[in-house]
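Reader: I would like to go through this model by its side-chain pairs, cores and surface. Please keep the answers short.

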Amino acid sequence: MITGEIKTRIDQIWDTFWTGGITNSITILEQMTYLFFMKMLDDAQRTKEANASVFGATVQDPTFKEGMWHNPDTDRDVPYSDLRWSVFKNMEAEQMFRTVSRDVFAFIKNLNGGKESAYSKFMANATFLIQSPRTLVKVVEGIDALDMNNRDTMGDVYEYVLGKMAASGNNGQFRTPRHIIRMMVELMDPQLKDTICDPAMGSAGFIVESAKYIQSHYKKELLKRENADHYKSGMLHGFDTDATMLRIGAMNLMLHGVDNPDIAYRDSLSTDNTDENCYTLCLANPPFTGSLDYEAVSKSLLAITKTKKTELLFLALFVRMLQTGGRCASIVPDGVLFGNSTGHKSIRKELIDKHRLQAVISMPSGVFKPYAGVSTAILVFTKTGAGGTNKVWFYDMKADGFSLDDKRTPVTENDIPDIIERWKNLDAEENRTRKDQSFLVPVDEIRANDYDLSINKYKEVEKVKVDYEDPAVVLGRIQALQKEIAAGLAE
């Protein structure tokens, strides 16, 4: 969450865009992201240069080389040094505006040297919309004051901008808090050989976090050519119907060393998406307020569950997209766990009887505030095609490290470390009782309860006997008080 000084600075940058004539929230986010990207590219090279200087070496594969860069848009040569944030931020307003709008923006659009990649594909139609040198100077000054080295700032800003928007998107789009994404990635433990997909990727939070997890856990293995090639171009996949989010996602991934991820403009639930048995891991927070026409939905999904609800159709999509043995962790609204419609029951039956449902983690309703107050859960399952559900692990998350009101300020109560620790040692859960925060439920009991997956169906609430006073004693005390009051009034 954005708090304190960074929040104030983002507000100031927002106001600068607004007074400069750019009032659309997503457009502001997009233009901010281009400038963040320019700064991050220079910051990354400055770090490389500092390290190279210490060891007396030269910088390998520098973004900003020596000499001149040829701008294909204007057919003129520009010094590479002028394209660097640390240089153009000190230019006069008019010169900075000319350099950034004409040269630096063209440079980041053509960064891959014309190679066909996700980045170059989505940047092809990008437009620099800041029209005033004064506006650009103020925005550059505001961004320059931000410390972005230890933050996924694009994610922070996206989260905050969505909070400033009147609605949370046409299809219930709202950003998944990063600590929830990290928890889900940690639970799923991505492996070097995995093929990972988020078919509702937004700004690519799950994909980026998976990439960071692989980088930190498999540093040595990534030095091998075949592993590095798989990581850069075969491991990560994502789809969305918002071109702006795809652009932001592509930039985000490129900054994390993923040069050519498979991200595409695609309606994942439509007949355009033919992916089947493709991936070994799906991580997602799909939109769950949408309702689609049957004609627009892929028939293979309707065969799994005939419904118009997007949250159920996405679960069917995960089943279809995963390879046998593939795993999935998806956020779902609480209604998926206990809904009585044919669609609700059929998808739960599918996961329990035909595959291996492993966990239901219920989250408190404040997790997505201030954008939405919905109660949600995380479903974890493995595609088997032959059943395998034995016992399902339930966890009642009561705190996530932040207050559950609109302010979402940090608090000490946090169940996330406990969830990860218990998930990695499920054998110890056998001894837990239904009065505990987590426990295992046999699949036969779930079937007997009409496949209901709400934790309250299985949780045992301990009732404490309370002895109350006899009513005559209480009435006597009331009468004595009334006499005191009457005496006081008379006096």
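Reader: How many residues apart are Asp353 and Lys349, and in which helix?

Author: This is a predicted model. In it, Asp353 forms a salt bridge with Lys349, with the closest N and O atoms 3.6 Å apart. About one helical turn separates the two, because they are four residues apart in helix H15 (residues 342–354).

Reader: Is Lys349 buried or partly exposed, and which residues share its salt-bridge network?

Author: Lys349 has a relative accessible area of 41%, so Lys349 is partly exposed. Asp353, with a relative accessible area of 26%, is also partly exposed. Through salt bridges that share partners, Lys349 is joined into one network with Asp353, Asp444 and Arg447.

Reader: Where do Glu209 and Lys212 lie, and is Glu209 buried or exposed?

Author: The side chains of Glu209 and Lys212 meet in a salt bridge of 3.8 Å, N to O. Both residues lie in helix H9 (residues 205–217), three residues apart, about one turn of the helix. Lys212 counts as partly exposed at 25% relative accessibility. With a relative accessible area of 9%, Glu209 is buried.

Reader: Which parts does the pair of Arg76 and Asp103 tie together, and is Asp103 buried or exposed?

Author: Among the 28 salt bridges found in the whole structure, the one between the side chains of Arg76 and Asp103 is 3.0 Å, N to O. Arg76 lies in strand E2 (residues 76–79) and Asp103 in helix H4 (residues 93–109), so the pair ties together parts 27 residues apart in sequence. Arg76 counts as partly exposed at 31% relative accessibility. At 2% relative accessibility, Asp103 counts as buried.

Reader: How many aromatic pairs are there, and is the pair of Trp85 and Phe88 stacked or edge-to-face?

Author: The count comes to eleven aromatic pairs. The ring centres of Trp85 and Phe88 are 5.4 Å apart, and the angle between the planes is 65°. Both Trp85 and Phe88 are buried. An angle over 60 degrees counts as edge-to-face, so the pair of Trp85 and Phe88 is edge-to-face.

Reader: Why does the pair of Phe394 and Phe439 tie together parts that are 45 residues apart in sequence, and is this pair stacked or edge-to-face?

Author: Phe394 lies in strand E10 (residues 391–396) and Phe439 in strand E13 (residues 438–442), so their pairing ties together parts 45 residues apart in sequence. Both residues are buried. Their ring centres are 6.1 Å apart and the planes are at 20°, so the pair is stacked.

Reader: Which residues have the most contacts inside the largest nonpolar core, and which helix gives the most to this core?

Author: The largest nonpolar core has 49 residues, and those with the most contacts inside it are Leu283 and Ile378. Not counting residues up to four places away in sequence, Ile378 touches residues including Met183, Met184, Ile331 and Val360. Seven residues of this core come from the helix that gives the most, H8 (residues 178–188).

Reader: Which residues form a nonpolar patch on the surface?

Author: Ile478 lies in helix H18 (residues 471–490) and counts as partly exposed at 41% relative accessibility. The patch has about 240 Å² of accessible area together, and its residues are Val474, Leu475 and Ile478.

Methods. Residues numbered from 1 in each chain as written. Predicted model: local features only at pLDDT ≥ 70, side-chain atom pairs only at ≥ 80, totals over all residues. Heavy atoms only, no water. Patch = residues over 30% accessible without salt bridge, like charges linked within 9 Å, V, L, I, M, F, W, Y side chains within 5 Å. Areas by Shrake-Rupley, 256 points an atom, 1.4 Å probe, with all protein chains shown as cover. Salt bridge = Lys/Arg side-chain N within 4 Å of Asp/Glu carboxyl O. Buried < 20%, exposed > 50% of the residue type's maximum accessible area, 1.4 Å probe, protein only. Core = buried A, V, L, I, M, F, W, Y, C linked by side-chain atoms within 4.5 Å. Contact = heavy atoms within 4.5 Å. Phe/Tyr/Trp six-rings, centres within 6.5 Å; stacked < 30°, edge-to-face > 60°.
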